[in-house]
Amino acid sequence: SVPQIASILERSAELKSISRASDLAFSSSPAAGKYQGGRILPQSLQGKNVAVIFSKRSTRTRVASETSIASLGGHPLFLSSADIQLGVNESLFDTSKVVSSMCDGIMARVGGHEEVELLAKHSRVPVINALSARYHPTQILADLLTMLEDPVIGGTSSASLDTLRGIKVAWIGDSNNILADMLVAFPRLGIHLSVATPQGDQYKRDEIVWQDMQDGLKEETSYEKGKVEWGNDPLAAANNADIVVTDTWVSMGDESQKTQRLKDFSGFQITESLLQKAGAKKSARFMHCLPRKPDEVDDEVFYGPRSIVFEEAENRKWTIMALFDRMIGEWKY
Ligand code: CP
Ligand code: NVA
């Protein structure tokens, strides 16, 4: 819900600032003088074991998860499909029953979305989606925190979502799991979303996601909801945008379609010249969940002054830490 998103973001900002203050306390830099006294991260996972079950590759989500669990005093168990019997020699039902009988929480990166739903259904402990083919919810929490912190977009570290109302986010790319979570999160927070995907059936909207978005919009709010526009023209999408976002054109699981996809996305690479031609705001920011390929965005934008991709990547840690703190730390049998 909107209040849950707001509360997790608030906790993320808090944990980030506690950690920064602790770093300063132990650093020899002149800024150490600003440290305001003895705060360390809460040990809310002390004595808790968290299974990090990943059947796909990961840099950010894995590092954010394992380090957050350890920083909150818990013990992470990284289990790849090469390590455990994940749906290969054993059903997901059996895996869920067994792992949840020994651990206090599960962070799971899977193939089809039904896999994480099945794990959650049969688990006796909380299960967090660390990416499925349909959704990547923890990514969007990091994106929101990054938008809030950006001096141009949000300009606040107090994590008040009010500052994001009415901004326009342009998605120029694939109809994939990252876009799906923007669709279910942004409009109900009052953020407008303008989407450009290539033509063709596989780039159309996912009807299940669309329904989830509509259901979310039924939640009552005191402000106007964001509008969603969907077309095939990157220039129209980026017009007057405050933020331009893209992602890989070939998500994990789509590798066999790579050649066709590179053709389908012709004209979709984000460049300065595209942004200027489209009439994106002069101050427009660029975001990308990473990992990035130069196909979808050139170096000038990716490493340029608009880009907030590395802030976004770091915020995976603080938002995932807040989720663990709230969902596993405060959770009891
Ligand atoms: N953004 C993201 O989820 O990155 P990883 O796949 O490296 O975890
Ligand atoms: N859409 C990408 C996101 C990676 C974080 C994928 O699913 O591979």
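Two strands count as paired here if DSSP finds at least two bridges between them. Helices (H or I, at least four residues) and strands (E, at least two) are DSSP runs, numbered from the N terminus. We're working on a predicted model, where local features need pLDDT of at least 70, side-chain atom pairs count only at pLDDT 80 or more, and totals for chains, interfaces and linings use all residues. Residues are numbered from 1 along each chain as its sequence is written, while chains are lettered from A and ligands numbered from 1 in the order in which they are written.

**Exercise 1. Work out the strand order of the sheet that holds S5, and find its edges.**

Step 1: Line the strands up. You get S7-S6-S5-S8-S9, an open sheet of 5 strands with parallel pairing.

Step 2: Look at the ends. S7 (228-231) and S9 (285-288) each have a single partner strand, so one side of each lacks a neighbour in the sheet.

Step 3: Check the twist. On average, neighbouring strands in this sheet are turned by 20 degrees against each other, direction ignored (axes are lines fitted to C-alpha atoms, for helices over the stretch in contact, and angles run from 0 to 180 degrees between N-to-C directions).

**Exercise 2. Take strand S5 apart: which strands is S5 bridged to, and which way do its residues point?**

Step 1: Start with S8. Strand S5 (residues 168-172) runs parallel to S8 (residues 243-246), and 3 bridges join them. Trp171 sits opposite Val245, and Val169 opposite Ile243.

Step 2: Go to S6 (residues 192-196). Here 5 bridges do the joining, again with parallel strands. Ala170 has Ser194 as its bridge partner in S6. To get from S5 to S6, the chain passes through helix H6 (residues 177-185), in a right-handed β-α-β crossover (with the strands pointing away from the viewer, the path from the first strand over the helix to the second runs clockwise).

Step 3: Sort the side chains. Lys168, Ala170 and Ile172 point one way, Val169 and Trp171 the other. Burial goes by C-beta atoms placed from the backbone: 20 or more others within 10 Å is buried, 12 or fewer is exposed, and in between is partly exposed. By that count, 5 of the 5 residues in S5 are buried.

**Exercise 3. Lay out the sheet that holds S1.**

Step 1: Order the strands. This open sheet has 4 of them, S2-S1-S3-S4, with parallel pairing.

Step 2: Pick the edges. S2 (75-80) and S4 (127-129) each pair on one side only.

Step 3: Zoom in on S1 (residues 49-54). It runs parallel to S2, joined by 6 bridges, with Val52 opposite Phe78.

**Exercise 4. List what surrounds each ligand.**

Step 1: Use the cut-off. A residue is near a molecule or strand if its C-beta atom, placed from the backbone, lies within 6 Å of it.

Step 2: Do ligand 1. Its surroundings include Arg60, Arg62, Gln139 and Pro291. Helix H2 (residues 60-71) gives the most to this shell, with 3 residues.

Step 3: Do ligand 2. Among its surrounding residues are Asn176, Asp247, Ser251 and Met252.

Step 4: Tally the types. Ala, Val, Leu, Ile, Met, Phe, Trp, Tyr, Cys and Pro count as nonpolar, Asp, Glu, Lys and Arg as charged, and the others, Gly among them, as polar. Ligand 1 gets 4 nonpolar, 4 polar and 2 charged; ligand 2 gets 4 nonpolar, 4 polar and 1 charged.
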